[in-house]
Amino acid sequence: TYTVTRSSGTKPPSTALTVAVQAMPAEALMLGKPRILQAADSGNGTELDIGSFGGNATVRAGIWPHIAVGQHVWMRLKGNKAYGTAHNRDIWVPPGPKVSAIWLTQGYYEVSAPSSYLQELGDGRTLTVEFKVAFGQGTEETLATVFPPRTYIIRTAFNGVAPSVKQAPGNVLNPMAAEDALTVVIPDYGIQPGDQVSVTWTGAAGTAPGGSYPTPVQALPSSREIAIPVSVIAYNLGKSVTVIYTVTRSSGAKRTSAALTLAVGTLNEGALVRGRPRILQAEQDGYGDKFVTRPPDWNGWVRVDPWPHIAAGQRAWLTYSVFGGGADHFYVMPVSAHEVTAGLLVRLPPLFLSSLSTGYYLSVRLRVAFDQSTDESNLVIFPHREYLIQRGG
């Protein structure tokens, strides 16, 4: 209303004009929307990596239309711990800090978010900064104006250094040291409650699928040790493999470690001698140097004991030949599941044995495709055995 005063006296007030004062639009409030300066893009991004800085974080609030000294403010951090339980903290609550002349002069005001609070936030969880202002300078929160919230995805410290292999000191694996167990050891990467892990062993380029193995996702054992099938070793003899682990936080966030490059050794002659073939009917059950052939059965059974890292599906070339007696003769056979524990047992053709004369030398040799391929260039050659033939009566 308005009132006119004339020389004759004051007149009654005018008819009232009703003015509707609208709420502050959200886009206008964006200028004062707080941000955490250590977050991505100086606080304007979507992620806050707790491990990227030390100490407290800095929350900065800007200025907004109709800001005035004495206005009360509310600021809260609302987050979650690793298991998803609420983890909130009041930063400003009346009758505490309010808008000051310094705030207006510098165009912003900053406050610390304690490191002790931030360190308890779960990886992959969210942290929301809530902010309210009492334009009327009251202390009743329900009457305050709510600013647009800012939400960050939390990334906690992840020291994803490469794993190690328990049986491979110096990151070199002697296959004989891992006949019975192959164990990946996961370092303390910054473990959080509810973490689950998986380990991936990847064979060298061109290795058959059996030379690689991803473990199922599982809860991280207290020992931080994860077993890998020893069967992957046979495919990678003399090659380099990579080993990594992936951590899945309870929030669903995934982190992948640096890769371990592991050199897998070969099987030396001392290891291969276990699979050296022998003819059971030769002297000393095949360990001697003489083989007496006898009619009418002409028996000659070649026995091969299980060799290190034998596996079903490996291909074995068993060759027998007579020195100076013509071409080699051989069997090519896939190793069966039974033969993994029982070894190979192959009968030499009686007709072949009956043709041997005294003084001949019979050689028995074994070659194995540990990678289960049919490529003879990949065969591992075992120590052979040679017998002096004596024809019996």
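Let me begin with a term: a residue is called buried when its relative accessible area is under 20%, exposed when it is over 50%, and partly exposed in between. What we have in front of us is a predicted model, and I will use those words about it throughout.

With that in mind, take Arg224, which sits in the loop between β17, residues 218-219, and β18. Its relative accessibility is 28%, and because that value falls between the two cut-offs, Arg224 counts as partly exposed. Arg224 also has a positive phi, about 60°, although it is not a glycine. As background, most residues other than glycine have a negative phi, and most peptide bonds are trans. A second residue to set beside it is Gln284, in the loop between β22, residues 278-279, and β23, where phi is positive as well, near 55°. Gln284, at 59% relative accessibility, counts as exposed.

The peptide bonds deserve a word too. Pro94 and Pro95 are joined by a cis peptide bond with omega at about 10°, and Pro95 belongs to the loop that runs between β7, residues 86-92, and α2, residues 101-106. Another cis bond joins Pro295 and Pro296, with omega at about 0°, and there Pro296 lies in the loop between β23, residues 290-293, and β24, residues 301-304.

Now to the strands, and I would like to start from β9. How many of the nine residues of β9 are buried? Seven of them are, so this strand, residues 126-134, is largely enclosed by the rest of the structure. Strand β6, residues 72-80, pairs with β9 in the antiparallel sense over seven bridges, and within that pairing Trp74 stands opposite Lys132 of β9. Strand β11, residues 150-155, also pairs with β9 in the antiparallel sense, over four bridges, with Tyr152 of β11 as the bridge partner of Leu127. There is also β10, residues 145-146, which forms an antiparallel pairing with β9 over two bridges, and here Lys132 has Val146 as its bridge partner.

Elsewhere, three strands form an open sheet in the order β12-β14-β18, with antiparallel pairing. Its edge strands are β12, 164-165, and β18, 225-227, each of which pairs on one side only. Strand β14, residues 183-185, pairs with β18 over three bridges, and the bridge partner of Thr183 in β18 is Ala227.

Let me come back to β6 and β9, this time through their charged side chains. Side chains of opposite charge can pair when their charged atoms come close. A search of the whole structure finds 15 salt bridges. One of them is between Glu141 and Arg76, at 2.6 Å from N to O, and this pair links distant parts of the chain, since Glu141 is in the loop between β9 and β10 while Arg76 is in strand β6, 65 residues apart. Glu141 counts as partly exposed, at 22% relative accessibility. Glu130 forms a salt bridge with Lys78, the closest N and O atoms being 3.6 Å apart, and here strand β9 supplies Glu130 and strand β6 supplies Lys78, 52 residues apart along the chain. Both ends are partly exposed, Glu130 at 27% and Lys78 at 36%. Lys132, which we met in the pairing of β9, reappears in a network of salt bridges that links it with Arg76, Asp90 and Glu141.

Which residues touch the most other members of the largest nonpolar core? That core has 57 residues, and the answer is Leu173, Leu182, Trp201, Ile279, Trp307 and Leu362. Apart from it lies another core, of 30 residues, among them Ala39, Trp92, Leu118 and Ile154. Returning to Leu362, its contacts beyond four places in sequence include Ile279, Phe291 and Tyr320, and also Arg385 and Glu386.

I will finish with a glycine, Gly160, in the loop between β11 and β12. Is Gly160 buried or exposed? At 17% relative accessibility it counts as buried. Leaving aside residues up to four places away in sequence, Gly160 touches Tyr189, Tyr245, Ser257 and Ala258. The C-alpha atom of Gly160 is separated by 17 Å from that of Gly252, which is 92 residues apart from it along the chain.

Note on methods. Residues numbered from 1 in each chain as written. Predicted model: local features only at pLDDT ≥ 70, side-chain atom pairs only at ≥ 80, totals over all residues. Heavy atoms only, no water. Buried < 20%, exposed > 50% of the residue type's maximum accessible area, 1.4 Å probe, protein only. Pairing = 2+ DSSP bridges. Core = buried A, V, L, I, M, F, W, Y, C linked by side-chain atoms within 4.5 Å. Contact = heavy atoms within 4.5 Å. Salt bridge = Lys/Arg side-chain N within 4 Å of Asp/Glu carboxyl O.
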